[in-house]
Amino acid sequence: MPRKIIIDTDPGKDDAVAILLALAAPEAVEVLAVVAVAGNVPLARTAANAAALLELGGRTDIPVYPGCAAPLTRPLVTAEHVHGETGLNGLELPPPARAPEAEHGVDAIIRLLRAEAPGTVTLCLLGPATNLAMALAKAPDIAPRIAEVVWMAGARSEGGNVTPAAEYNVYTDPEAAAVLLASGLKLTLMPLDLTHQLLVTRERLAALRALGTAAARATVAMFSEIDGTPQREREREGIPLHDPTVIAHLIDPTLFGGRQINVEVETASPFARGMTVADWYGVTGRPANALWLNAAAPDRFFALLEQRLARLP
Ligand code: BDR
Ligand code: CA
């Protein structure tokens, strides 16, 4: 039985690959809805990009709900320097035939969780956690109905990618991160410590190009743009693929390893805003609140991605 999932996302090049991967794995995940959030680019673009990507994957039956247009308490910090003006730098998609829905994404999350059997829906978070934090504030009854939250978020040994201390999704809305970390929900985190091991290299791009499918071509188009990639990423062997780890973990949990630890987030310090204080060695005595995955099998991860993208149109 596939797991029912809601994808909450700010596409975003790596978000785009994550969405395609989910569509390509119906045996593992059933996508109930995609909820857009403001993040890498403003909300109107993330919602339109999500709809266009579903169309690319041949799944216009899946609705897109636009969620929050800004973080809980702070102005939005976008990341066009990584993802381009459109959010999908290098990829030109036609305007989606099915527009995003009128219902707000936060209301859609609440409605869907109430409609499905308790404990059967997993939330896949690929951007700032604003929508889910809002949904929990608006409707606390949904908390026990959530099977699990899997979120690309945080950094410990790698330091940050948007500041020296913070990973982008946590930095952008640290108050929302604090809500999730204190929620008691079953929470799995895919931090930079993990995703920086998963590099799109020239060889891996060539393997994807050889697949010839529209989904693989789209991935290649977005990740060939090494020029649009920040200096710190050009210094590596390739470009890290962050968000698809969330979906890959649901398809094959043996790809990644880690342990249950306590994770807190810094919300007050101007220098360390959004830093995840991840107690890997258990020195604080604070109770574990997240599964922190920081070990990866990169070749198996990319083999999975290739196999699945080969299945799409
Ligand atoms: C995260 O930030 C975004 O730019 C990416 O889409 C990913 O979700 C990586 O820090
Ligand atoms: Ca993202």
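A residue is called buried when its relative accessible area is under 20%, exposed when that area is over 50%, and partly exposed in between, as calculated with a 1.4 Å probe on protein chains only. By this definition Thr130 is buried, because its relative accessible area is 2%.

The structure is a predicted model, in which local features need pLDDT of at least 70 and side-chain atom pairs count only at pLDDT 80 or more, while totals for chains, interfaces and linings use all residues. Residues are numbered from 1 along each chain as its sequence is written, chains are lettered from A and ligands numbered from 1 in the order in which they are written, and side-chain values use heavy atoms, with hydrogens and water left out.

Thr130 belongs to helix H5; helices (H or I, at least four residues) and strands (E, at least two) are DSSP runs, numbered from the N terminus. Apart from residues up to four places away in sequence, Thr130 is in contact (heavy atoms within 4.5 Å) with Val37, Cys68, Ala70, Pro71, Leu72, Asp173 and Ala176.

Helix H5 (130-138) is also one of the elements against which the buried residues of helix H4 pack. In H4, which spans residues 105-115, the buried residues are Gly105, Val106, Ala108, Ile109, Ile110, Leu112 and Leu113. Their other packing partners are the strands S1 (3-9), S2 (29-36), S3 (64-66), S4 (121-125) and S5 (146-152).

The next subject is the metal site. Asp10, Asp15 and Asp243 coordinate the calcium ion (ligand 2) through OD atoms, Asp15 being listed twice, and Leu126 does so through its O atom, at 2.2 to 2.5 Å. Donors here are N, O and S atoms within 2.8 Å of the metal (3.2 Å for Na, K and Ca); water is not among the atoms, so sites may look incomplete. Along the chain, the donors follow the spacing D-x4-D-x110-L-x116-D. Asp10 and Asp15 are both buried.

Several residues of the calcium site recur around ligand 1, whose surroundings include Asp15, Leu126 and Asp243. A residue counts as near a molecule or strand if one of its heavy atoms lies within 4 Å of it. The shell around ligand 1 divides into three nonpolar, five polar and four charged residues. In this division Ala, Val, Leu, Ile, Met, Phe, Trp, Tyr, Cys and Pro count as nonpolar, Asp, Glu, Lys and Arg as charged, and the others, Gly among them, as polar.

Oxygen atoms of ligand 1 lie 2.9 Å from a polar side-chain atom of Asp15, 2.9 Å from a side-chain N or O atom of His83, and 3.0 Å from a backbone N or O atom of Leu126. The protein covers 97% of the 280 Å² of accessible area that ligand 1 has on its own. Helix H1 (13-23) and helix H6 (168-172) are the elements that give two or more residues to the shell.

Away from the ligands, Arg98 lies in the loop between helix H3 (80-83) and H4. Arg98 is partly exposed, because its relative accessible area is 31%. A polar atom of its side chain lies 2.8 Å from the backbone oxygen of Thr60, and the backbone oxygen of Asp61 lies 3.3 Å from a polar atom of the Arg98 side chain.

Asp252, in the loop between helix H12 (244-251) and strand S9 (256-261), is likewise partly exposed, at 22%. Asp252 and Arg300 are 48 residues apart in sequence, and their C-alpha atoms are 9.9 Å apart. Their side chains make a polar contact at 3.1 Å. Such a contact is a pair of N or O atoms within 3.5 Å; within protein, one must be able to donate a hydrogen and the other to accept it, and residues adjacent in sequence count only if both atoms are side-chain atoms.

Methods. Areas by Shrake-Rupley, 256 points an atom, 1.4 Å probe, with all protein chains shown as cover.
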